[in-house]
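Biologist: Please walk me through this model. I will ask, and you answer with the reasoning.

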Amino acid sequence: MFATAAAVLFGLALLLELLGTGIQDLVTTRTLALAGLLCLAMHVAGYGSGWGRRRR
């Protein structure tokens, strides 16, 4: 789940970078890229992977 979110954030950052625009001053390509890296790190760490406790 976090890997999909990271892919969407990276795609949005790339699109904004290619267009040369930003969404006001709060959301820039750098903030989207950092959010994507955070999601990717959480995916690699195992969060949201569905490998939780086993149900009996």
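What follows is a set of questions and answers on the helices, the core and two residues.

Modeller: This is a predicted model, in which local features need pLDDT of at least 70, side-chain atom pairs count only at pLDDT 80 or more, and totals for chains, interfaces and linings use all residues. Residues are numbered from 1 along each chain as its sequence is written, and side-chain values use heavy atoms, with hydrogens and water left out.

Biologist: How many helices and strands does the chain have?

Modeller: Helices (H or I, at least four residues) and strands (E, at least two) are DSSP runs, numbered from the N terminus. On that basis the chain has two helices and zero strands.

Biologist: How are α1 and α2 oriented to each other, roughly parallel or roughly antiparallel?

Modeller: Their axes lie 8 Å apart at an angle of about 160 degrees. Axes here are lines fitted to C-alpha atoms, for helices over the stretch in contact, with angles from 0 to 180 degrees between N-to-C directions. Angles under 35 degrees count as roughly parallel, over 145 as roughly antiparallel, 65 to 115 as roughly perpendicular and the rest as oblique. The two helices, α1 and α2, are therefore roughly antiparallel.

Biologist: Which helix gives the most to the largest nonpolar core?

Modeller: A nonpolar core is a set of buried Ala, Val, Leu, Ile, Met, Phe, Trp, Tyr and Cys residues joined through side-chain atoms within 4.5 Å. The largest one holds six residues: Ala6, Leu9, Ala13, Leu16, Leu32 and Cys39. Both α1 (2–19) and α2 (29–45) supply at least two of them. With four residues, the main contributor is α1.

Biologist: Is alanine 6 buried or exposed?

Modeller: Alanine 6 sits in helix α1. Beyond its neighbours within four places in sequence, alanine 6 is in contact (heavy atoms within 4.5 Å) with Gly36, Cys39 and Leu40. Buried means under 20% relative accessible area, exposed over 50%, and partly exposed in between (1.4 Å probe, protein chains only). Because its relative accessibility is 1%, alanine 6 counts as buried.

Biologist: And tyrosine 47, buried or exposed?

Modeller: Tyrosine 47 lies in the segment after α2. Not counting residues up to four places away in sequence, tyrosine 47 touches Phe2 and Met42. Its relative accessible area is 53%, so tyrosine 47 is exposed.

Biologist: What separates the C-alpha atoms of tyrosine 47 and phenylalanine 2?

Modeller: Along the chain, the two residues are 45 residues apart. In space, their C-alpha atoms are separated by 7.7 Å.
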